[in-house]
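Reader: I have a structure in front of me, and I would like to learn how to read its features step by step. Could we begin with the surroundings of a single residue?

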Amino acid sequence: MNSTFLLILEQNGRAKVHRFCKERVSIGRSKDSDLPIPDLLVSRHHCRVERSDSCFFLVDEGGQNPVTLRGVPVDRAELRVGDTFVVGSSEVTLELPVEEPLSADETLTGEGSRSAQDMAAFVSGARALNEEQDLFRLLTLIVDSAIRLSNAERGFLLLSGGEEPVVEVARNFAQEEVHSPAYKISRTIAQGVLESGLPELTTNAQEDERFRDFHSVEDLRLRSILCVPIRISGVVGGVLYVDNRLQQQVFSEREKVLLALFSDHAGVAIRNAHTMDDLRNKKVELQSALDRVGRLNAALKGQVDEQQAELSEIREELGSARRGGRYKYDYSAIVGESLAMTRVFDLLDRYIGADEAVIILGESGTGKELVARAVHQQSSRGEGPFISENVAALPESLLESELFGHVKGSFTGADRDKPGLFQLADGGVIFLDEIGDMPLDLQTKLLRVLEEGVVRPIGGGEEVKIDVRLITATNRDIDGMVRGGDFREDLYYRLNVLPVHLPPLRDRREDIAPIALRFLAGLAHESGVARIRMSSEAMEVLSACHWPGNVRELQNEIRRAAVVSDGVILREHLSDQVKHPKTSSPAAVSGVIGDGGVTLPDLVRDLEIRLITECYERAHGNKSRASQLLGLSRFALQRKLDKYGIGHAQRSDSDVGIDPDEDGEG
């Protein structure tokens, strides 16, 4: 086996062929290197090429600028014939010499420049083939390169296509297409090369006894013809055919050898392009299959979600039925299957039949008014009125008149008698929410009403007897207010006869899904659609959320998500606050305290400003909504807004009226 191989050095646009017949070839700036490269970017001992049997390896010698192969620095990598690696600013290509010896004339000194030019053109063409992956452009590039390498007039590329080869590309030296190419060549010569796998060369087909009797040669008056086989994966799969109809002696053994070598590279490039085409087609097929699977999964998931929704609805109906059988009264308006709510229902069973005052304690948004309505509807007073008022929503000057009424002329603007809410609730229930925000002087008057069962309107001289059941609610620490003197102790005892503690939503997470489904059913009814569904992923996000605003915040979130969805609420339809809830770390607070004189009041003030600003912006300037999120009364929030100068330039239309706690789950 011939152990000779070629390293073609291309530097400054010039190519030089170096022939070696040794196991290791050193490359570097040193003159002692087997392949010296005078370049400051090249180390003295830069890299080496090793040959082991029929394999070649490129090994980096640890220079400052590593050798790169296919654009990637390498320490040691296999080197294939035709590969080009970069050393400094030069490129080196590995090739094997052709077996046909060059003629003596071609080895003369005068031909050296031409050989270098041929090799440079060959390397440039081979590199272009390696970079092109589109099959049609590749075939065109092969023909154009073959024309340049052989100085031909025309070029044709034929590939096997059944019984006869098919002309895939036909071009001339001006890179123009040749029309009707099947009738412009000697198909007999092309077929012979395809079958034999041997190249054919004639300097004048008109006089060549091998071809002169061919009809195509005679009819087309063909002269110089060169046809070489193209081997694809080791099998002759086509031919490269170039000719010149006007001149003879255009091609020689030099062009034959050069074009035969080039066709081998072309065969590898065609195989790679076919492989890339197959991979692209398979990728399209795979993507199409994945899309179909995705659609099927989506459809299946939709069916599963719908079935889960139906099961949840059935569970809720069964739960309501069980509650109807388990409890003395009907609590179907309140969603709750958790242990915490079971305790609430058990307590209400004992409270509803009594006529004593009930106080409902719990965070804002937990459904206090809903419980108050249930007490009213299920009690003996269910046929009577239910009057609800938010104590924190009215200023003190109006609150007394609203509760107890006034007579005409009792104050400016009192142009007629007006009964108070206690009078309107006679025979029924009056519900006073945010009772902890009632001013102390009004607490005294309320205590008198409870003790004597009468009210005296403002400016009136007569007392009006009333028969009402009082239910109050607060989200404040009313025990602490009593201890601090902010709430009358005697009034507290009159209100706290039958206390009910409502758990926050975070302590009854198993109720989140049923509550969400109840809201979705209500929204579907309001919108006039059959159903609004929610994906299991979205439901998992809701169930994992902390919900500082409790059920009311959950309801608002579902309303917003239903608007932006298309009948099915997905995870991406949920707000960022729900998908990515913010958490506070004690370390983040403690890290603020340092040697700069920061005090605890400073930290408390900064924390208040940050939280109030955050909730105020989250509520879009709605003070009632912001106060609920913060667990403050509306007036307590207003005092802090004034104190810190927050929101003076903003005003929400929703602040004009009252924001009562009357949503489905409070």
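Reader: Which residues does S627 touch, not counting residues up to four places away in sequence?

Author: A contact means heavy atoms within 4.5 Å; by that rule S627 touches L632, S633, R634 and L637. This is a predicted model, in which local features need pLDDT of at least 70 and side-chain atom pairs count only at pLDDT 80 or more, while totals for chains, interfaces and linings use all residues. Residues are numbered from 1 along each chain as its sequence is written, and side-chain values use heavy atoms, with hydrogens and water left out.

Reader: Does S627 count as buried or exposed?

Author: Buried means under 20% relative accessible area, exposed over 50%, and partly exposed in between, with a 1.4 Å probe and protein chains only. S627 has 4% relative accessibility and therefore counts as buried.

Reader: How are the strands in the sheet with β18 ordered?

Author: Strands of a sheet pair through backbone hydrogen bonds, either parallel or antiparallel. Strands are DSSP runs of E with at least two residues, numbered from the N terminus, and two of them pair if DSSP finds at least two bridges between them. Here five strands form an open sheet, in the order β18-β21-β24-β17-β25, with parallel pairing. Because β18 (386–390) and β25 (498–501) stand at the edges with a single partner strand each, one side of each is left without a neighbour in the sheet.

Reader: How many bridges join β21 to β24?

Author: Four bridges join β21 (residues 429–433) to β24 (residues 469–474), and L432 has T472 in β24 as its bridge partner.
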